[in-house]
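Trainee: I have a model open and would like to learn how to read its surface and its sheets. Where should I start?

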Amino acid sequence: MFAILAAIAAFAIYFIFLAKPNYYLVDNPTPDTYFFSVNNGEQKILSSGQYLKVDLNKGKNSIKVFDQNKKMLYDSAFDVKNQRGLINIAHKDYYVFKQFYGYFRDKDSLIMAQGSMNIDGKPFLGNIKKENKLYSEDFYFNIDEDYNKVIKNIDKVESRTKIFRKQDFINYYNENYKF
């Protein structure tokens, strides 16, 4: 009986505190306003700097995007394979960054060995991938989520990826990395 209660408690703790929700976002990092419709559904408005959760299906999806005067900008399709993703409504630059967790003595060497990327003429070290396509899903944390604050397993090095708006990435990097 105790084992059953312990198992129930473990699942409850996981789902209340540790489980990560899966969802899709449409993001607008620009000063412009957009109207859009996903899969011929209800038309929604996306103001400057705003993001919205949307329902997508695994497989083919479509989006129609209009400017603030409701003039159609594009009608496009994209494939969804994963349980979380980001629709880049304005086709702006986003950056996916790999953050390392765990105990390791020379974190800077690990990051430097991952390569580098120039953003606005400045070098940024680490595993960084630039994205500007309509739909991206090759990340773990979305733009509205933070990296884990708690290290779950200090015995080994683990990593998680997060997608950032361009300026948010530059700010995060400059606050957390000094090379």
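Mentor: Start with the outside, and keep in mind that this is a predicted model. The protein has an accessible surface of about 10900 Å², and carbon and sulfur atoms contribute 52% of it.

Trainee: How much of the protein counts as buried?

Mentor: A residue is called buried when its relative accessible area is under 20%. Here 37% of the 179 residues count as buried.

Trainee: Which secondary structure elements are there, and how many?

Mentor: The protein contains 3 helices and 13 strands. Among contacts with a separation of 6 or more, 64% link residues 24 or more positions apart.

Trainee: How do I read the order of strands in a sheet?

Mentor: Go across the sheet from neighbour to neighbour. One open sheet of 4 strands reads S3-S2-S5-S6, with antiparallel pairing. Its edge strands, S3 (44-46) and S6 (72-80), each pair on one side only. From one strand to the next, the twist averages 30 degrees. Strand S5 (residues 59-66) runs antiparallel to S6, and 8 bridges join them. To find the register, take isoleucine 63, whose bridge partner in S6 is serine 76.

Trainee: Another open sheet has the order S4-S1-S7-S12. Why is one side of S4 and of S12 left without a neighbour in the sheet?

Mentor: Pairing in that sheet of 4 strands is mixed. Strands S4 (51-54) and S12 (135-136) are at the edges and have a single partner strand each, so one side of each lacks a neighbour in the sheet. For S4, look at strand S1 (residues 24-27): the two pair in the antiparallel sense over 4 bridges. Tyrosine 24 lies opposite valine 54 in S4.

Note on methods. Residues numbered from 1 in each chain as written. Predicted model: local features only at pLDDT ≥ 70, side-chain atom pairs only at ≥ 80, totals over all residues. Heavy atoms only, no water. Pairing = 2+ DSSP bridges. Axes fitted to C-alpha atoms, helices over the stretch in contact; angles between N-to-C directions. Buried < 20%, exposed > 50% of the residue type's maximum accessible area, 1.4 Å probe, protein only. Contact = heavy atoms within 4.5 Å. Areas by Shrake-Rupley, 256 points an atom, 1.4 Å probe, with all protein chains shown as cover.
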